[in-house]
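Biologist: I am new to this one. Walk me through it, and tell me what each term rests on.

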Amino acid sequence: MNAIPISKPLTGKEEKRAVADVLASGMLAQGEQVAQLEEEFAKFCGVKHAVACTSGTAALVMALNCLNIKGSVLVPSFTFIASVTSILAVNAKPVFVDIDPRTYCIDVEDAKKKLSPDVEAIMPVHLYGQCANMDEVRELAQKNELYIIEDAAQAHGAEWGGTKAGALGDAGCFSFYPTKNMTTGEGGMVTTNNDALAARLRVFRNHGQSSRYVHNSLGYNIRMTNIHAAIGVEQLKKLPKFNRARQKNAEYLDTHLDVDSPYVHHKAKHVYHQYTVRVQDREAYTRELAANGIGYGIYYPVGAHRQPAVASEAILPETDKACDEVISLPVHPGVKKEGLKRIVEAMNSLP
Ligand SMILES: Cc1ncc(COP(=O)(O)O)c(C=O)c1O
């Protein structure tokens with residue numbers, strides 16, 4: 001019985017050749033391939049600029065820093081910890097917002113209750129590959145003059161009302177970690193239509209250097225290498241096909257699983273970074289899946305607000321409930337019909 005992993009990076013001869021070409025060129029650090037990935041990723045998202053960096057976490061920190069966020073940021077707690085630690089890293093304050101229990105994304109009604117004069121930005125997290133309700137997020141942001149920083153780490157190619165994730169706010173932050181819908185090994189990207197912000201991001205990721213050995217502002221080395229970018233250029237070509245395969249797998253699971261399918265808002269194009277369902281007796285399901293060699297994920301068992309490193313006293317009932325009930329099943333393009341059948345059989349064997 002072959003194991004079915006919960007995620008699997010799919011790289012082939014194209015990525016191998018692209019990396020070999022970079023190695024042969026001797027130009028390993030940020031250069032031609034990084035510029036190419038930036039240009040093509042910006043085009044893919046429908047934005048003017050894309051600025052590459054070392055990780056999704058670095059992308060969030062760069063965006064927050066270059067937007068000069070120092071006050072509070074509205075953010076869901078039901079997310080990967082980096083959404084929150086990036087806010088803490090720039091000495092701003094996360095204000096935790098509960099989630100819409102159907103989409104697992106930020107509940108804008110709850111966000112409204114948490115507004116204060118100190119709030120400067122809102123960070124919708126497009127969790128599992130579905131955009132947050134960006135009509136509501138944008139209305140709230142507009143009324144209250146908040147920056148929108150999209151955490152699109154799980155949402156390459158996702159759309160809201162026909163607009164791509166990364167083009168729905170002031171800055172969009174992506175991760176290219178190997179579990180993501182496309183990978184560069186490690187890597188990240190900030191997308192924006194704001195020329196001045198793009199210029200600041202480029203300076204910030206390169207030691208705050210505006211011209212050779214001129215440092216008017218602080219910065220770090222957060223540059224992507226040509227080796228990583230070369231992988232990304234090939235992965236980006238495959239991304240539409242990867243996302244279609246995820247959607248097809250999700251459709252199969254939707255029609256065959258006994259448990260309720262993930263809710264998809266009619267304005268959203270879901271790219272199924274994760275296929276996540278809710279169950280009551282989660283342990284029984286994880287036991288059954290494990291016994292059948294099927295990988296699964298619990299994203300996330302604990303809200304960020306309850307992590308010892310964060311220790312907030314926020315009260316977020318839908319977040320806590322989701323933490324207890326969610327389970328993600330393999331949906332990546334490496335899962336074929338036989339694997340899907342096994343997943344369905346194992347899941348449906350429980351009452
Ligand atoms: C929602 C979310 N935000 C941020 C990140 C951070 O990305 P990275 O791991 O590339 O730093 C991730 C990655 O898992 C994520 O899922």
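Modeller: Start with helix α2, residues 32-45. This is a predicted model. Helix α2 lies across β1, β8 and β9.

Biologist: What makes you say that α2 lies across those strands, and at what angle to β1?

Modeller: Contact means heavy atoms within 4.5 Å. Helix α2 lies across β1, β8 (171-175) and β9 (188-192), and runs at about 135° to β1. Helix α3, residues 56-66, lies across β1, β2, β5, β8 and β9. Its angle to β8 is about 160°.

Biologist: What is the strand order in the open sheet of seven strands?

Modeller: The order is β1-β9-β8-β5-β4-β2-β3, with mixed pairing.

Biologist: Why are β1 and β3 said to stand at the edges?

Modeller: β1 (49-53) and β3 (93-97) each have a single partner strand, so one side of each is left without a neighbour in the sheet. From one strand to the next, the twist averages 25°.

Biologist: How do you know that β2 and β3 pair?

Modeller: Pairing takes at least two bridges. Strand β2, residues 72-76, and β3 have five, in the parallel sense. Therefore they count as paired. Val75 stands opposite Phe96 in β3.

Biologist: What about the open sheet of three strands, and which sense does its pairing take?

Modeller: Its order is β7-β6-β12, and the pairing is antiparallel. β7 (163-164) and β12 (268-269) are the edges: each has a single partner strand, so one side of each lacks a neighbour in the sheet.

Biologist: How do you know that β6 and β12 pair?

Modeller: The cut-off is at least two bridges. Two bridges join β6, residues 159-160, to β12. So the pair qualifies. Glu159 has Lys269 in β12 as its bridge partner.

Biologist: Which residues come nearest the ligand?

Modeller: Of the 15 residues around the ligand, these are Gly56, Thr57, Asp151, Ser175 and Lys180.

Biologist: Why is the approach of Thr57 called a polar contact?

Modeller: A polar contact is a pair of N or O atoms within 3.5 Å. A side-chain N or O atom of Thr57 is 2.5 Å from an oxygen atom of the ligand. So Thr57 meets the cut-off. Polar side-chain atoms of Ser175 and of Lys180 each lie 2.7 Å from a ligand oxygen. The protein covers 91% of the 390 Å² of accessible area that the ligand has on its own.

Biologist: And the whole chain: how many helices and strands?

Modeller: It has 11 helices and 14 strands.

Biologist: What makes the chain as compact as a globular protein of that length?

Modeller: Its radius of gyration is 20 Å, close to the 20 Å that the globule rule gives for 351 residues, so the description fits. The C-alpha trace spans about 65 × 55 × 35 Å along its principal axes.

Definitions and conventions. Residues are numbered from 1 along each chain as its sequence is written. This is a predicted model: local features need pLDDT of at least 70, side-chain atom pairs count only at pLDDT 80 or more; totals for chains, interfaces and linings use all residues. Side-chain values use heavy atoms; hydrogens and water are left out. Helices (H or I, at least four residues) and strands (E, at least two) are DSSP runs, numbered from the N terminus. Axes are lines fitted to C-alpha atoms, for helices over the stretch in contact, and angles run from 0 to 180 degrees between N-to-C directions. A residue is near a molecule or strand if one of its heavy atoms lies within 4 Å of it. A polar contact is a pair of N or O atoms within 3.5 Å; within protein, one must be able to donate a hydrogen and the other to accept it, and residues adjacent in sequence count only if both atoms are side-chain atoms. Accessible areas come from the Shrake-Rupley method with a 1.4 Å probe; for residues, only the protein chains shown count as cover. The radius of gyration is taken over C-alpha atoms; the globule rule is 2.2 Å times the number of residues to the power 0.38.
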